[in-house]
Amino acid sequence: MSESKEIIGRIHSVETCGTVDGPGIRYIIFMQGCPLRCLYCHNPDSWNINSASAKEMTVSDLMADIRKYKSFMRFSGGGVTVSGGEPLMQHEFVTKLFKACQKEGINTTLDTSGFADLEIVSPIFEYTNLILLDIKSYNEETYKNLTGAELTPTLKFLNHTKEIGLPVWVRFVLVPGITDNIADIKEMAKFLSSFENIKKVDILPFHKMGEHKWELLKIDYQLKNTRSPSKFEVDKVKDIFAKYSL
C-alpha cells in the first residue's frame, strides 16, 4: 500500500493528558475492537470493531491533535500510548501512527494483551518504544475462564519481546476469587523473573467502574458481587513479585 493512501482507524476514545498508561504525560488512543471478552472489562463498548459509536480517523487527523501536546510530553518524558480494546486488531494503522510519532521524536507505547498473530503484527515492533502487556493470569484455565481465549499467544508475544530486547511493563489485575491464587501468582512471578526486558510489574486492583456499560449493553456482568481487593491483599502480591526482583 502506498504511503500516500491513508488508512482509516476506528477510534473508541482519546485521553489527552493521561498519567497511568506509560511514563510521563501521555496522549492515549483507545482503539475500537477486541478479540477477548474479559469478565472485568471496563470498556465492553470497545469490543465490536464495527460499532457505530466509533470515530473514524486517519493518522494525519490524530497527529494534528497529538502535536498540540508535544511540550507536555517532552518535559514529562511522556508520549503516545495506544490502547483498546485491543490495538493489534488495527495493527497496520497503529504501525503507521507510531512511525509518524517517531519521525517527530514522540515516544510510543503499546498497551496490549498480546493476543495476536506475531507474523502479521511484527512490523509494529520497529516503531514501538515500550510494551504494556496485560497478563490476566498465568494459570491457563483461569485465563480461559476470564477472557474466553487461550494464554499461549500472550506468552509467545512476551517471548518475542525478549528476543528483540523491547522493554515491557507487565500489568496484572488482582481479582478476588479469580486471579488471587497465591500459588499461581508465585508461578507467574518465577516465570517473569527470567525476562530481563521486563522493567516493571504493575498490580492493578479490580474495580467495577465499567459495570454500568455492561448494563447499558444488556450484557450479563458476572462480577457484580465481586469486591475490590484490600490494600493488604495488593501489598501481599507486590511482595511476591518483589521477591523475584520484579
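Visitor: Which residues line the largest cavity?
Guide: The lining is made by S137, Y138, T142, F172, I178, T179, D180, N181, D184, I185 and M188. Lining residues have an atom within 4 Å of a cavity point, and a cavity is a set of points, on a 1 Å grid over the protein atoms alone, where a 1.4 Å probe fits but cannot get out. By the way, this is a predicted model, where local features need pLDDT of at least 70 and side-chain atom pairs 80 or more, while totals for chains, interfaces and linings use all residues. Residues are numbered from 1 along each chain as its sequence is written, and side-chain values use heavy atoms, with hydrogens and water left out.

Visitor: How much space lies in the largest cavity?
Guide: About 60 Å³, where volume means the space filled by probe spheres set on the grid points, joined across faces, edges and corners. The count of cavities of 30 Å³ or more comes to one.

Visitor: Which helix gives the most to the lining of the largest cavity?
Guide: That's α7 (residues 182-192), with three residues. Helices here are DSSP runs (H or I, at least four residues), strands are E runs of at least two, and both are numbered from the N terminus.

Visitor: Why is the pair of W47 and W214 called edge-to-face?
Guide: Rings of Phe, Tyr and Trp (its six-membered ring) pair if their centres lie within 6.5 Å; planes under 30 degrees apart are stacked, over 60 edge-to-face, and the rest tilted. W47 and W214 sit 5.4 Å centre to centre with 85° between the planes, so they fit the edge-to-face class. W47 lies in the loop between β2 (26-31) and β3 (55-58) and W214 in helix α8 (residues 211-216), so the pair ties together parts 167 residues apart in sequence.

Visitor: And what makes the pair of Y69 and F72 tilted?
Guide: Their ring centres are 6.4 Å apart and their planes at 40°, so the pair is tilted. Ring pairs also link Y27, Y69 and F72 into a cluster.

Visitor: Are Y69 and F72 buried or exposed?
Guide: Buried means under 20% relative accessible area, exposed over 50%, and partly exposed in between (1.4 Å probe, protein chains only). Y69 has 19%, so Y69 is buried, whereas F72 has 42%, so F72 is partly exposed.

Visitor: How do you know that the charged end of K200 sits over the ring of W169?
Guide: The rule asks for NZ of Lys or CZ of Arg within 6 Å of the ring centre and within 35 degrees of the ring normal. For K200 the distance from the centre of the W169 ring is 4.2 Å. The charged end of K162 likewise sits over the ring of F195, at 4.9 Å from its centre.

Visitor: What is odd about the backbone of K218?
Guide: K218 has a positive phi of about 60° although it is not a glycine. K218 is found in the loop between α8 and α9 (231-243), and 76% relative accessibility makes K218 exposed.

Visitor: Where is the place of G85?
Guide: In the loop between β4 (79-83) and α3. A cis peptide bond joins G84 and G85, with omega about 5°.

Visitor: Which residues touch the most other members of the largest nonpolar core?
Guide: I29 and I66, out of 68 residues. Such a core is a set of buried Ala, Val, Leu, Ile, Met, Phe, Trp, Tyr and Cys residues joined through side-chain atoms within 4.5 Å. Helix α3 (residues 91-103) gives the most to this core, with six residues.

How values were computed. 1 Å grid on protein atoms, 1.4 Å probe; cavity = no way out; pocket = protein on both sides within 12 Å on 5 of 7 lines; lining within 4 Å.
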